[in-house]
Amino acid sequence: MTAAVAAAVTAGLSGCTSDESPTARTTPAAVRTVDPADATMLAFGDSLEVVAELPSTGDGDRVQYSSFASQDEVLGSATPEEEQLVQGRTTTQSRPVLYDLRSKAFTVLDDSDRPEPTWVVNVSGDADTIVWAEGSGTSIDHSRFTVYSLDRATGRAAALADFDDPDGQIVYGFDLDVFDGTAYFSTPAYPAKRGQEAVYAVPVDGSAKPRVIAEGGEQLRIRDGVLTYLERDPRDDRAYPARHAYDLRTGTTTPVPVSEHADEDGFCGATVAQTWSAWCVKRSDAADPKASPHLTIHETSGRTTEFGTFPTADRGRFEPFELMDLGRWTAVGTDTSNGQQREYLVDLDTEEMLRFPGNTSFGRTSPDDSRVLVTSYARGGEPAMQRVVAIPE
């Protein structure tokens, strides 16, 4: 596996498999234990530097932020309040927006007319191009959607891809991203068309139609110039999905090797990075009668760290997940019972462990991973809030 591929998998895709080295079977004396219950809770404005509290409205419209275009530019969508609710229909027109943290100014990226009102999601981009997806309706999945782009130098918006499966079985994957002048997204499929999933690439200038770069692929993530995606067995829904890494610079696809722990009872996912591999196993004990996920990280140096129980979801989804390197920290994501994503940071050298504030979800990081978008959910009459915070040094 190339260094670039390994770095990309560090993005922490749920269930990403790893190739554990032979030295991973260490003696008990080489294993240390870290308890997430002892993690230090971070506090906004104190141990967690708040770079910006993001306004929840812009020109009267409700704004939801989704990613960074640069260190000081946050992207999202602005949606007017609905005057009347119509079941199953989108009644207000959303717009992609950019908020500048320095000037505290909003920019509407595209206000072109649409044949009917649409929602806007997955606004992402860089210094050159912004991309987003639009669709209509209030169902969970959408077989009819359009991908747009904006050239930041010219201000020109263009429709890049238009999808509409007449059977409603091939849907948008909500994973649109951009890298080096190309937009990437996937289309999962329902059982009637299982096996027809695909990962697409399309030039952001609209010079060519979307092309399939991975048949059967879905749930893509891009990190460090490598796109990783999942591929399910169309003949066996119970089979553990395969993972692949597609190098966006060379066009080479590399299978992500299967973890040696995949056959263990209770195996619930693995991740591989350049300097460590990690795996999750659900196990029960007297103090914790329910099957709880337990995480192990084995470093290429030979050091192994086992973690106690993370307070996670009670809906049967495997946890913890989404491991990635953030400076000196290894980030570990967990889902809470109400669906929010908690985030822990652990320093594998010092065993120091931090926990992001309660009632928050950890979002996208800035281009250099020094900042992160954090959402605080409404509680006790308090309004929901989004912030840009600095990753602790």
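So, a nonpolar core here means a set of buried Ala, Val, Leu, Ile, Met, Phe, Trp, Tyr and Cys residues joined through side-chain atoms within 4.5 Å. Keep that in mind, and keep in mind too that we're looking at a predicted model.

Okay, the overall picture. The chain has 393 residues, and 52% of them count as buried. There are 31 strands and one helix. If you take the contacts with a separation of 6 or more, 46% of them come from residues 24 or more positions apart.

Now for the cores. In general, nonpolar side chains in soluble globular proteins tend to be buried together. The largest nonpolar core in this chain has 17 residues, and the ones touching the most other members are Val 147, Leu 176, Ala 183 and Phe 185. Five strands each put in at least two residues: S10, S11, S12, S14 (182-187) and S15 (198-203). Which strand gives the most to this core? That's S12, with four residues.

Let's zoom in on Leu 176 for a second. Leaving out residues up to four places away in sequence, Leu 176 touches, among others, Val 131, Trp 132 and Ala 133, and also Val 147 and Phe 185. Its list of partners includes Asn 122 and Ser 124 as well.

There's also a second, separate core, this one of 15 residues, including Trp 276, Ile 297, Phe 307 and Val 332.

Next, a pocket. The second largest one holds about 250 Å³ of space. Fifteen residues is a fair number to look through, so start with those nearest the centre: of the 15 lining residues, these are Glu 116, Thr 118, Arg 144, Thr 146 and Asp 162. Some strand names come back here, since S10 (129-135), S11 (144-151) and S12 (156-164) each supply at least two residues of the lining. How does the lining divide by residue type? You get six charged, five nonpolar and four polar.

Last stop, strand S24, residues 304-307, where we find Thr 304. Is Thr 304 buried or exposed? It's buried, because its relative accessibility is 3% and the cut-off is under 20%. Its side chain makes a polar contact with the side chain of His 298, at 2.8 Å.

Just before that strand, in the loop between S23 (288-299) and S24, sits Gly 302. Gly 302 has a relative accessible area of 23%, so we call it partly exposed. And here's one to find on screen: Gly 302 and Val 31 are 271 residues apart in sequence, yet their C-alpha atoms are 9.5 Å apart in space.

How values were computed: Residues are numbered from 1 along each chain as its sequence is written. This is a predicted model: local features need pLDDT of at least 70, side-chain atom pairs count only at pLDDT 80 or more; totals for chains, interfaces and linings use all residues. Side-chain values use heavy atoms; hydrogens and water are left out. On a 1 Å grid over the protein atoms alone, a cavity is a set of points where a 1.4 Å probe fits but cannot get out, and a pocket is an open set with protein on both sides within 12 Å along at least five of seven lines; lining residues have an atom within 4 Å of a point. Grid points are joined across faces, edges and corners, and a volume is the space filled by probe spheres set on the points. Ala, Val, Leu, Ile, Met, Phe, Trp, Tyr, Cys and Pro count as nonpolar, Asp, Glu, Lys and Arg as charged, and the others, Gly among them, as polar. Buried means under 20% relative accessible area, exposed over 50%, partly exposed in between (1.4 Å probe, protein chains only). A polar contact is a pair of N or O atoms within 3.5 Å; within protein, one must be able to donate a hydrogen and the other to accept it, and residues adjacent in sequence count only if both atoms are side-chain atoms. Contact means heavy atoms within 4.5 Å.
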